[in-house]
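Colleague: Please take me carefully through the charged side-chain pairs of this model, with the burial of each partner, and then set beside them one helix whose packing can be followed residue by residue.

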Amino acid sequence: MDIMDILPQLTLEEKASLCSGYYYWHTKSIERLDIPRVMMCDGPHGLRKQTGPEDHLGIHESIKSVCFPSASALAASFNTDVMKELGECLGKECQTENVGMLLGPGVNMKRSPLCGRNFEYFSEDPYLAGELASAYVKSLQAQGVAACVKHFACNDQETERMSIDTEVDERTLHEIYLPAFEKVIKEAKVRGVMCAYNSLNGTFCSENKNLLTDILRDQWGYEGFVVTDWGAVKDRVEGVRAGLDLEMPGGPGAQDQKIVEAVRDGSLDERDLDRIVKRILQFVSDCTEQKREVVKDYEADHKKAAELAGECMVLLENRDDILPLKKETKAVFIGEFAVTPRYQGGGSSHVNPWKVEDAYHAAESAGADVTFVKGYDVKNEKDKKLAAHLIEEAVEAAGKAETAVVFAGLPDEYESEGWDRSTLDLPEVQNRLIEAVAAVQPNTVVVVHAGAPVIMPWRDQVKAILLAYLCGEGVGAAEADVLYGSVNPSGKLAETFPLELEHNPSYLNFPGANGQVKYREGVFIGYRYYDKKKLEVEYPFGYGLSYTSFDYDNIRLDRKEMKDTDVLHVSCRVTNTGNVQGKEIVQLYVEPETDPALEERPVRELKGFAKIDLKPGESREAEFTLDKRAFAYYSKELHDWYVPDGEYRIQIGASSRDLRLEDSVRIESTQALPVCYTQYITVGRLIRNEKGRQFVLKALMKYMGFSKLEIEEQSDVEECPERIEQTIQTTMLGMPLRSMVTYGALREEQLNRFLTEINQESC
Ligand code: BGC
């Protein structure tokens, strides 16, 4: 498509018409100029293509396609190869179904474990989310299908998601809520960005120039196009000015008409419109050019979905090595989810699965000695009589078996797009069931199906807990594989499981009030908070067990001193010390030991991870490369990343709370923070600047009778009399500079002259 040739041929109305979609899933075509329609579909963990009635809430049927593990499960794999394989399968399915863009991945942050859509998001850690999303996008796009990273930005809750104003400070925004988007844009060159429904610091994302132009395009160099979340447009013309390209879904044309009128009355520059038309045409043209003939293989993709699910499950407990089970062990599987598992969340990502495998039938057909009892009835949870009967039946069966495996979890209506949870509890009837079973059967295992953290009050009463998350349609096969040991679990938590909901840092400000939610916890979300507060948690970030064990040694840093512009290479050796093959997720955290008077920082942050597959007795090196961003925080003074001088500990371990190796590097900054000095700057702050220190010393020396010289003429004070040093350290550090005038140690003019001088250099 020759866009520069087409553009002048388009009428104003045609240009405006291209700015919104054709119903729910297509861009508009213009036949006279051979501009075709392109289809977009949800995403992210399966293809939700509607061929009949259309909607964006997962109400109407979509074609059958393979449902892969959802994002919270995928994140637990800590494996970019898993994301790569997923992207490849989905890319091929999209090509066969003539879909040009898949609406995902979602990289919003798990600020609160209550967010109803957490199952669709990766992590509470932006680095991990960015790495995984990037791998997915690269591989999907390598198949010629555009990805669309969403929801830009700070759409981290479902309550009032279409209208709430999110108040986030600049540092927190850049440090926590934007980096995953940034990575996907800069590194994976994603072709689509979906702007969020909510407003950010007072301006709706769909008309937020700071987000859509200043950050996205000017700072990050994004070249793709921006589509609204479905129905996110507020003021369409303002959106055009801000950098919003395509409005979805398309309506009867009223918004397009507003664009036409704004150009006609001169309030909108037609060049702004041309810019977005070009970007939309570029998208359409790329999709058409990248169309490929692919034959999809559902059966193969289904197998892949089950294989990937096996990489995502997290073994939380395994007392007495009860798992893996032996096939000859007489086991009873208890709970509806053993035969009708919960494997995906509700809303726009809801896929019509190709086929769903449940654990009971998978285990049975693999030759395991297993029976089934229902345990609870999801649809009639409130029926007390029925619950009592089902529990009694389960207890009896558990007592007769050698092992009981309870399949528990959150039913569909507990978590979904569209609303947030109000509690981290499992259905009460399930908790009672587990406790009753564990009371009669010491060998009780619990499998949990949930897209986000739940509280497990019975966790010390059972022998093993396997977290299956929402692991897609292959969930049952993967569960059987893990329970019986043909797959060694290797997932780790990409989010903290708190002991109590009230411990979560967003607790006091979630989901907000009066149309606004304030991210008052700042950068301290997830483990960044729990570690700072030294809080005990149910399970920490990065935690997960294996059927084997791993040793860590030989940490090596290729330098002990560096500048913030240098790169640090780190490696360590990991050895499988157990009897079975297994994969270890090796995690690297950076702990800054810098001037505490600067911005408050998390104790440590994840800056690298590697998943390593090891045979028994085998050792391999894990390697990491750390650049400036691994050490930096976002400075609101510089409006940029800043690495303060100091010592940085490099810690490597098996989880955020199981650090096995440590070394450190000293970093020298090549940047200076701008400081604006006022009369009210504290003496403590001022003397960190050598010029400031000299000024204070000289004034004090004169005041205290140590020097008769005029302050201005005096050369630098090399050695300061002890009494003066003491006075500064004991009483003056917190004193505003101006007090030296009040106490007579300085004249007002001297102070002002000094401030003008020093600010010329540093402000
Ligand atoms: C969701 C998006 C989704 C879109 C289209 C919206 O309600 O927030 O994630 O891609 O609908 O279904």
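Modeller: Aspartate 531 is a good place to begin, since its relative accessible area of 10% makes it buried (under 20%, against over 50% for exposed and in between for partly exposed, with a 1.4 Å probe and protein chains only). The model is predicted, so local features need pLDDT of at least 70 and side-chain atom pairs pLDDT 80 or more, while totals for chains, interfaces and linings use all residues. Residues are numbered from 1 along each chain as its sequence is written, and side-chain values use heavy atoms, leaving out hydrogens and water.

The partner of aspartate 531 is arginine 604, and the closest N and O atoms of this salt bridge are 3.6 Å apart (a side-chain nitrogen of Lys or Arg within 4 Å of a carboxyl oxygen of Asp or Glu). Distant parts of the chain are linked by this pair, for aspartate 531 sits in helix H17 (residues 527-532) whereas arginine 604 belongs to the loop between E23 and E24, 73 residues away (helices, H or I of at least four residues, and strands, E of at least two, are DSSP runs numbered from the N terminus). Arginine 604 is buried as well, because its relative accessible area is 14%, and the structure as a whole holds 69 salt bridges.

Glutamate 748 and arginine 738 make another such contact, with their side chains meeting at 2.9 Å from N to O. Here glutamate 748 lies in helix H22 (residues 748-762) and arginine 738 in the loop between helix H20 (722-732) and helix H21 (739-742), so that the salt bridge ties together parts ten residues apart in sequence. Glutamate 748 has a relative accessible area of 32% and is therefore partly exposed, and arginine 738, at 21%, is also partly exposed. Returning to aspartate 531 and arginine 604, salt bridges that share partners join these two residues with Glu591, Glu593, Arg649, Arg657 and Glu662 into one network.

A pair within a single helix is formed by lysine 304 and glutamate 307, whose closest N and O atoms are 3.4 Å apart in their salt bridge. Because they are three residues apart in helix H12, about one helical turn separates lysine 304 from glutamate 307. An α-helix has 3.6 residues a turn, so residues three or four places apart point the same way. The two partners fall into separate burial classes: lysine 304 counts as buried because its relative accessibility is 19%, whereas glutamate 307 has a relative accessible area of 47% and so is partly exposed.

For the helix to set beside these pairs I would take H15, which covers residues 428-440. Its 13 residues should span 18 Å at 1.5 Å a residue (1.5 Å times one less than the number of residues), and the end C-alpha atoms are 19 Å apart, which agrees with that expectation. The buried residues of H15 are Val429, Gln430 and Asn431, followed along the helix by Leu433, Ile434, Val437 and Ala438. These buried residues of H15 pack against helix H14 (384-400) and against three strands, namely E11 (331-334), E14 (403-409) and E15 (444-449), where contact means heavy atoms within 4.5 Å.
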